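Please look over the model below before reading on. The report goes through it part by part.

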Amino acid sequence: MEPPPIKPPIPPELSDKHNQIEVELPQHSYKEMLLDKQVNNQTNYYDMDNQSISELDKGKHIEGSIPLSQEDKERLHLPWRYSVIIKIFKRKMSHHMLRSKLNDLWKPSDQLILIDLGWDFYIVKFSLEESMVRALHLGPWFISGNFLFVRKWEPKFVPQEATLTSTAIWIRLPQLPTEFCDKDILEKVGRKLGKLLKIDQCTSSTLRERYARICIQVPLETPVETIVIIGDHKQAVIYEVKEPYAPFVAG
């Protein structure tokens, strides 16, 4: 007669505390979010390098080179003073189509001149400062769902050697408790996540309660924070990547 089967021991019941397993999700940089739409719930417009043209143009004299006086440099730079450099991520389109899209997007008061630099970089030349300011400061911008990188023109720009190091992006703080919709608190949140650029006008006026909205500058290659702790409150952070995009209207 065979012995009865031995039943395995019944493990002790685990409390709810032990049943809760925290899974650490992989962190992604904002550049990875832009280039890979498979990253859920994650979402340039321009590199915020504030070096002046004179600082960028400094350099040692090379023996045998053609000398440029300060007057030469000022004359050469003057026609481009209201120009921006752009690049579209993951999208190629004809020169005519891109110019048409940019005119629809920015609606400049002056003529928009588009110059192909190669390596998917372009110069957009304006004659009015207000057109340049709109392109630089009212983004981020998207064309046909693809992110549009925008930065101020700089001398000696070589597309093949260019690197995109940082970007300005809008973030949302969904269901942020009402008491934290405070200018000082939001500024601290912005500085915690990157370099604070702007606070949405509706957010600063507490007109929008569903979420707070802040524009920050972040490095493209650095993993972004998806959680920020305010006191003992754990707040989710969402990075905007969508199209069509309603640009921020300055007050």
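What follows covers one helix, one sheet, the aromatic pairs, the cysteines and some backbone angles.

The model is predicted.

**Helix α5**

Start with helix α5, residues 95-106. Its 12 residues should span 16 Å at 1.5 Å a residue. The end C-alpha atoms are 16 Å apart, so the expected span and the model agree.

Four residues of α5 are named as buried: L98, L102, L105 and W106. Viewed down the helix axis, the buried residues of α5 fall within an arc of 75°, so they line one face. The general background is simple: an α-helix has 3.6 residues a turn, so residues three or four places apart point the same way. The face of α5 turned away from the buried side carries H96 and D104, both exposed.

What covers the buried residues of α5? The cover includes the strands β1 (83-88), β2 (113-118), β3 (121-125), β4 (141-143) and β5 (146-152). Helix α6 (129-137) is also part of that cover. K107 follows α5, and its phi is positive, near 45°.

**The open sheet**

Four strands make up an open sheet, in the order β7-β8-β6-β11. Their pairing is antiparallel. At the edges stand β7 (195-199) and β11 (238-239). Each edge strand has a single partner, so one side of each is left without a neighbour in the sheet.

Take the pairing of β7 with β8 (residues 211-219). These two strands are antiparallel and joined over four bridges. I199 has its bridge partner in β8, and that partner is I214.

**Aromatic pairs**

How many aromatic pairs are there? The count comes to four. W80 and W153 form one that is stacked, at 6.4 Å centre to centre with 25° between the planes. The planes count as stacked because the cut-off is under 30 degrees.

W80 lies in the loop between α4 (70-77) and β1, and W153 in the loop between β5 and β6 (166-174). The pair therefore ties together parts that are 73 residues apart in sequence. W80 is partly exposed, with a relative accessible area of 23%, whereas W153 is buried at 11%.

Ring pairs also link W106, F126 and W141 into a cluster. W106 is one of the buried residues of α5.

**Cysteines**

The structure holds zero disulfides. Two cysteines can still be placed by their accessibility. C181 is buried, with a relative accessible area of 18%. C215 is buried as well, at 1%. Both calls rest on the cut-off for buried, which is under 20%.

**Positive phi**

Most residues other than glycine have a negative phi. Two loop residues depart from that pattern: D120, with phi near 65°, and Q175, with phi near 55°. D120 sits in the loop between β2 and β3. Q175 is found in the loop between β6 and α7 (183-193).

**Accessibility at a glance**

The table gathers the relative accessible areas quoted for single residues, including the two loop residues just described.

| Residue | Relative accessible area | Class |
|---|---|---|
| C215 | 1% | buried |
| W153 | 11% | buried |
| C181 | 18% | buried |
| W80 | 23% | partly exposed |
| D120 | 32% | partly exposed |
| Q175 | 69% | exposed |

Is Q175 buried or exposed? At 69%, Q175 is exposed, because the class begins over 50%. D120, at 32%, is partly exposed.

Methods. Residues numbered from 1 in each chain as written. Predicted model: local features only at pLDDT ≥ 70, side-chain atom pairs only at ≥ 80, totals over all residues. Heavy atoms only, no water. Expected span 1.5 Å × (residues − 1). Buried < 20%, exposed > 50% of the residue type's maximum accessible area, 1.4 Å probe, protein only. Arc of directions from axis to C-beta. Contact = heavy atoms within 4.5 Å. Disulfide = S-S within 2.5 Å. Pairing = 2+ DSSP bridges. Phe/Tyr/Trp six-rings, centres within 6.5 Å; stacked < 30°, edge-to-face > 60°.
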